[in-house]
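Notebook open. I want the overall layout, then a few residues one by one.

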Amino acid sequence: VYGCSREDLWILSDNVWFGDSSSSSILFAKSAWFGPSRDNIIELDHVHGELRANAHVYAMRGPNIASEIDMIDTISAVDSFKLPLLSCILDPGKKDGTQKLLGAKPESERIF
């Protein structure tokens with residue numbers, strides 16, 4: 001496979017038209033290495049979907065998705081810890097004490 005790179009998107013289907021019928025299945029995968037082996041074999045890592053067992057498979061290479069995977073991994077990692085400013089950025093009108101964190105005065109102390 002010429003031009004294959006690490007984290008290229010691969011779309012696999014058991015239907016030559018890639019999901020044209022209700023009985024077909026699709027699997028999205030990404031290439032694990034920067035190119036094929038000496039035997040022209042590409043290792044793929046599962047991203048989403050599934051294929052039926054013992055099906056004849058058709059494959060189509062898509063664009064490189066390295067930056068998209070990095071973005072998804074970063075967004076997923078945010079849930080594992082709490083960022084002090086995140087709630088203020090997402091909902092600046094929320095009254096949960098984040099105004100004190102930013103140094104904002106309560107409305108009763110504001111001078112207009």
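What share of the contacts in the chain with a separation of 6 or more comes from residues 24 or more positions apart? I get 51%. I note at the outset that this is a predicted model.

**Entry 1: the chain as a whole**

I listed the elements next. The chain has 4 strands and 3 helices. Read from the N terminus, the order is β-β-β-β-α-α-α. I then looked up burial. The chain has 112 residues, and 21% of them count as buried. The exposed area is about 8800 Å². Carbon and sulfur atoms supply 58% of that area.

**Entry 2: strand pairing**

I went through the pairings of E2. E1 and E2 run antiparallel and are joined by 5 bridges. E2 also pairs with E3, again in the antiparallel sense, over 5 bridges. E2 covers residues 26–31, and E3 covers 44–49. E1 spans 8–13.

**Entry 3: Lys 30**

I picked Lys 30, which sits in strand E2. Is Lys 30 buried or exposed? Its relative accessibility is 17%, so Lys 30 counts as buried, the cut-off being under 20%.

Which residues stand across from Lys 30? On one side I find Leu 9 opposite Lys 30. In E3, the bridge partner of Lys 30 is Asp 45.

I also pulled the contacts of Lys 30, leaving out residues up to four places away in sequence. Among them are the acidic residues Glu 7, Asp 8, Glu 43 and Asp 45. Trp 10, Leu 44, Val 47, Ile 65 and Ile 69 are on the list too.

One distance went into the notes as well. Lys 30 and Gly 62 are 32 residues apart in sequence. Their C-alpha atoms are 9.3 Å apart in space.

**Entry 4: positive phi**

I checked phi for residues other than glycine. Glu 7 has a positive phi, near 65°. Asn 40 also has a positive phi, near 65°.

Where do these two lie? Glu 7 is in the segment before strand E1. Asn 40 is in the loop between E2 and strand E3. I then compared their burial classes. Glu 7 has a relative accessible area of 9%, so Glu 7 is buried. Asn 40 has 46% and is therefore partly exposed. Glu 7 also appears among the contacts of Lys 30.

**Entry 5: Asn 15 and its loop**

I moved on to Asn 15, found in the loop between E1 and E2. Asn 15 counts as buried because its relative accessibility is 14%.

What does the side chain of Asn 15 reach? I find the backbone nitrogen of Trp 17, at 2.6 Å. Beyond four places in sequence, Asn 15 touches Asp 20, Ser 21, Ser 24 and Tyr 58.

**Entry 6: Tyr 58 and the patch**

Tyr 58 was on the Asn 15 contact list, and I followed it up. Tyr 58 is in strand E4, residues 58–64. Its relative accessible area is 31%, so Tyr 58 is partly exposed.

Which residues form a nonpolar patch on the surface with Tyr 58? They are Val 16 and Trp 17. Together the three have about 350 Å² of accessible area. Asn 15 connects with this group twice in my notes. Its side chain reaches the backbone nitrogen of Trp 17, and Asn 15 touches Tyr 58.

Note on methods. Residues are numbered from 1 along each chain as its sequence is written. This is a predicted model: local features need pLDDT of at least 70, side-chain atom pairs count only at pLDDT 80 or more; totals for chains, interfaces and linings use all residues. Side-chain values use heavy atoms; hydrogens and water are left out. Patches are made of residues with over 30% relative accessible area and no salt bridge: like charges are joined within 9 Å, nonpolar side chains (Val, Leu, Ile, Met, Phe, Trp, Tyr) within 5 Å. Accessible areas come from the Shrake-Rupley method with a 1.4 Å probe; for residues, only the protein chains shown count as cover. A salt bridge is a side-chain nitrogen of Lys or Arg within 4 Å of a carboxyl oxygen of Asp or Glu. Helices (H or I, at least four residues) and strands (E, at least two) are DSSP runs, numbered from the N terminus. Buried means under 20% relative accessible area, exposed over 50%, partly exposed in between (1.4 Å probe, protein chains only). Contact means heavy atoms within 4.5 Å. A polar contact is a pair of N or O atoms within 3.5 Å; within protein, one must be able to donate a hydrogen and the other to accept it, and residues adjacent in sequence count only if both atoms are side-chain atoms. Two strands pair if DSSP finds at least two bridges between them.
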